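Good morning, everyone. I have a few minutes and one protein chain to walk you through. Please keep the picture in view while I talk.

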Amino acid sequence: MIYTVTLNPSLDYIVRTDALRPGALCRTHGETLYPGGKGVNVSLVCAALGLPTRALGFIAGRTGALFASLLAETGVEYDFCHLDRGMTRINVKVCAHEQTELNGAGPAIPPQALDKLADTLDALGADDWLVLSGSVPADVPADIYARLLSRVKAHGVKTLVAASGDALKNALPCAPDLILLRLAELDALVGGAPRTPAGIAACARELQRAGAQDILLPLGREGALLIPAAGDTLYLAAPQVDPVQPVGAADSMAAGWLYAQEKGYSAPEALRFAVAAGAAALLSEWLPGRAAIENMLAQTGTPQAV
């Protein structure tokens, strides 16, 4: 089972308009509402690929109830802790010639709720993956991911962390099996990386010396790097697509990687499938299904050693 943790899930309200004009009335020509959040997105794509998954985290208020009902419609299993105060945030994404996002803050998460989440993870075992993805709310300790990783480490649970800043830095000594981070996040941790695959990989190795195992690093239109704990760094150019929207590309990559691990793919095959999943997300109105990923896989090249 693939368990995902989203500390601050959201209702993603996507509106489309011809032009966003601040201070003026802007009429939309399309509106959709989805259950969102980075870990939730990973679960949704995993489910689309046929992997058993369960989404964990926190919801609150009437927006939390709506979030749960929308997620239930997708068929994804979930076990969210209901908070007594606040409301699940609403993230507004305005799609015009470019996308503008207004992200809500979300509810305060009390320590006892975090303890309840940690207790839930005691049921995980060696056949499970734990995905910790997304930002850490301001009122939650920055070492929360490290604490959750330490909780499951003794049970042999495989772990994936997609985070940034102190949340990721604190998690590194817990030796997550995979970390997924963007180039800007790597820059923030190591003080700036050269803009070549070999230079980026050399900087990423610093995170491995701090404890990380495999590293998956999306490079946007340039493709992606896989820096394994053992073996050559692999680079794969991205399929050239005209993006419909950017939401969920990295989350889809994470799901693609998990699918490849569950199927026993080699490192090059895993990178290829992850990149195809991320590219498929760019062409989807929301998140990609299996058919979209397999179609993109046919357009994806072969990784090269760096």
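I will go through salt bridges, a pocket, two helices, two buried polar residues and the cysteines. One caution before we start: this is a predicted model.

Let's begin with charge. Side chains of opposite charge can pair when their charged atoms come close. How many salt bridges does a search of the whole structure find? It finds 10.

Take Asp-119 and Arg-151. They form a salt bridge, and their closest N and O atoms are 2.6 Å apart. Now look at where the partners sit. Asp-119 is in helix H3, residues 111–120, and Arg-151 is in helix H4, residues 144–153. They are 32 residues apart, so this pair links distant parts of the chain.

Arg-151 has another partner. It also forms a salt bridge with Asp-122, with the closest N and O atoms 2.9 Å apart. Asp-122 lies in the loop between H3 and strand S8, which covers 129–133. Arg-151 is in helix H4, so the pair ties together parts that are 29 residues apart in sequence. Put the three together, and Asp-119, Asp-122 and Arg-151 are linked in a network of salt bridges.

Are these three residues buried or exposed? Each falls in between. Asp-119 is partly exposed, at 46% relative accessible area. Asp-122 is partly exposed too, at 35%. Arg-151 counts as partly exposed, at 31%.

Here is another pair. Arg-182 forms a salt bridge with Glu-185, and the closest N and O atoms are 3.8 Å apart. Arg-182 is partly exposed, with a relative accessible area of 39%. Glu-185 is at 19%. The cut-off for buried is under 20%, so Glu-185 counts as buried.

Glu-185 takes us into helix H6, residues 183–190. Which residues of H6 are buried? They are Leu-183, Glu-185, Leu-186, Asp-187 and Val-190. What covers them includes helix H7, at 197–209, and strand S11, at 214–218. After H6 comes Gly-191, with a positive phi near 85 degrees.

Next, the largest pocket. It holds about 560 Å³ of space. There are 29 residues lining it, and the closest to its centre are Lys-38, Arg-89, Asn-103, Gly-134 and Asp-251. Which elements give two or more residues to the lining? They are strand S2 (10–17), helix H1 (38–48), strand S6 (89–95), strand S7 (99–103) and helix H8 (249–262).

Stay with H1 for a moment. Of its 11 residues, 8 are buried, so the helix is largely enclosed by the rest of the structure. The buried ones are Gly-39, Val-40, Asn-41, Val-42, Ser-43, Leu-44, Val-45 and Cys-46. Just after H1, Gly-50 takes a positive phi of about 90 degrees.

Who sits against H1? One residue to look at is Thr-4, in strand S1, residues 2–6. Thr-4 is buried, with a relative accessible area of 0%. A polar atom of its side chain lies 3.2 Å from the backbone oxygen of Gly-39. Leaving out residues up to four places away in sequence, Thr-4 touches Gly-39, Val-40, Val-42, Ser-43, Thr-53, Arg-54, Ala-55, Leu-56 and Val-131.

Now compare another buried polar residue, Ser-284. Where is Ser-284? It is in the loop between helix H9 (267–282) and helix H10 (290–297). Its relative accessible area is 10%. A polar atom of the Ser-284 side chain lies 2.8 Å from the backbone oxygen of Ala-280. Setting aside neighbours within four places in sequence, Ser-284 is in contact with Val-244 and Gln-245.

Last topic, the cysteines. A disulfide is a covalent bond between the sulfur atoms of two cysteines. How many does a search of the whole structure find? It finds 0. Take Cys-26 as a case. The nearest cysteine sulfur belongs to Cys-95, and it is 13 Å away. The cut-off for a disulfide is 2.5 Å, so Cys-26 is in no disulfide. Cys-26 is partly exposed, at 23% relative accessible area. Cys-46, back in H1, counts as buried, at 0%.

To close, keep one image: Arg-151 in helix H4, in a network of salt bridges with Asp-119 and Asp-122. Thank you.

Technical notes: Residues numbered from 1 in each chain as written. Predicted model: local features only at pLDDT ≥ 70, side-chain atom pairs only at ≥ 80, totals over all residues. Heavy atoms only, no water. Salt bridge = Lys/Arg side-chain N within 4 Å of Asp/Glu carboxyl O. Helix = DSSP H or I, 4+ residues; strand = E, 2+ residues; numbered from the N terminus. Buried < 20%, exposed > 50% of the residue type's maximum accessible area, 1.4 Å probe, protein only. Polar contact = N/O pair within 3.5 Å; in protein donor to acceptor, adjacent residues only side chain to side chain. Contact = heavy atoms within 4.5 Å. 1 Å grid on protein atoms, 1.4 Å probe; cavity = no way out; pocket = protein on both sides within 12 Å on 5 of 7 lines; lining within 4 Å. Points joined across faces, edges and corners; volume = space filled by probe spheres on them.
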